[in-house]
Each structure stands twice: as structure tokens, then as C-alpha cells.
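Here are my notes on this entry, point by point. Please read them with the model open.

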Amino acid sequence: MENRREQAESDCASSDNYNSPIPETETETETPISESTVEGGGSAFNQTQLLRAIEVVERDSFAIAQSFTSLFASLRLALSNATATTLDHMQCFTDASGRIQESVLDAATKGNRYINSCLTLNEEMKNIDGLASQLYPITYLLAS
């Protein structure tokens, strides 16, 4: 945009044969900037053509500004959606890890009870081994 304005200004000041039009940005047709003859044999830009060129630059600037506004709005929406999704995922992750923690604590408690039960059973089995060795001669006598 700035380059276009600088080019137009430099062409206005130095060019005697400027005939190429400014590119169209909208559906309207634009009048190309050209030189016109003024009294005295000198050439200068017609004031209405210069104003039209400025209007074209203004329209281009406005179109670019609208494009950037639209781009930033869509980026803001996408970022908002991504942030909301991330927050949802973080909440889900927090809930899942809390439930896993509860399950692990419950499993550890049950595992400790199981180990204690096994140790108690082992002690009882030691007592039963002594009783079995005492009963073995009796069963041998009864079997014969």
C-alpha cells in the first residue's frame, strides 16, 4: 500500500508518459491516471484523475484493512476454540488422574490386606505343621 502511494507520487512528479492504470481491486472500473495538456503547453495531472487515483488507493487500503480484520477475527476465534478445547482436555485429564489416584490407593489398601492375610495364614500353617506331625503316628496306627 505504501509502495503504491510512493510510486504514484514519484510518477506524478517525474514522469511525462505515465499511461498504465492502477490495478482494480473491486468490481468498479477505474479510470487510469494519464497526463492532460494544460494551457501554456505544459503537462500536468488532471486534478479529477488524481482524486480518482487517491480514491483507488483508499479503496485498496480499506479492502486490505477489512481482510486483516477478518483474518484477526478468525484467528481469535480459532485460538478461543483451541483454548476452550485445551481447558476441556485439562479438566478431563484432572478428573481422570483423580479417579486413577483413588483407584490406586484402593488397590494398595486391598493389596496390603491381602499380604497381611497371607502372612497370618502362613503363621497358622506353621502351627498346623506341628499338629500334623503330632497326628501322623496316630493316623499310621489307625491305617494298619
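Is Phe72 buried, partly exposed or exposed? Phe72 is partly exposed, at a relative accessible area of 48%. The points below start from the overall picture and then come back to this residue.

1. Status and fold. The model is predicted. The protein has 2 helices and 2 strands. Read from the N terminus, their order is α-β-β-α. Helix 2 covers residues 47-143.

2. Burial and surface. The protein has 144 residues, and 9% of them count as buried. The exposed area is about 11,900 Å². Carbon and sulfur atoms supply 59% of that area.

3. Contacts along the chain. Take the contacts with a separation of 6 or more. Residues 24 or more positions apart account for 32% of them.

4. The aromatic pair. The structure holds 1 aromatic pair. Its members are Phe68 and Phe72, with ring centres 6.1 Å apart. The ring planes meet at 20°, so the pair is stacked. The cut-off behind that label is under 30 degrees. Both residues sit in helix 2. They are 4 residues apart, which means a separation of about one helical turn. Phe68 is partly exposed, with a relative accessible area of 44%. Phe72, as noted above, has 48%. Neither ring residue counts as buried, because that label requires a value under 20%.

5. Salt bridges. How many are there? The count comes to 2. The next two points take them in turn.

6. Asp106 and Lys110. These two residues form a salt bridge. Their closest N and O atoms are 3.4 Å apart, and the cut-off is 4 Å. Both belong to helix 2. Their spacing is 4 residues, so about one helical turn separates them. Asp106 is partly exposed, at a relative accessible area of 38%. Lys110 is also partly exposed, at 49%. The label "exposed" needs a value over 50%, so Lys110 stays in the partly exposed class.

7. Glu123 and Lys126. Here the side chains meet in a salt bridge at 3.7 Å, N to O. This distance too is within the 4 Å limit. Both residues lie in helix 2. The spacing is 3 residues, about one turn of the helix. Glu123 is partly exposed, with a relative accessible area of 44%.

8. Where to look. For the side-chain pairs, go to helix 2. Phe68 and Phe72 are there, as are Asp106 and Lys110, and Lys126 and Glu123.

Definitions and conventions. Residues are numbered from 1 along each chain as its sequence is written. This is a predicted model: local features need pLDDT of at least 70, side-chain atom pairs count only at pLDDT 80 or more; totals for chains, interfaces and linings use all residues. Side-chain values use heavy atoms; hydrogens and water are left out. Buried means under 20% relative accessible area, exposed over 50%, partly exposed in between (1.4 Å probe, protein chains only). Contact means heavy atoms within 4.5 Å. Accessible areas come from the Shrake-Rupley method with a 1.4 Å probe; for residues, only the protein chains shown count as cover. Rings of Phe, Tyr and Trp (its six-membered ring) pair if their centres lie within 6.5 Å; planes under 30 degrees apart count as stacked, over 60 as edge-to-face and the rest as tilted.
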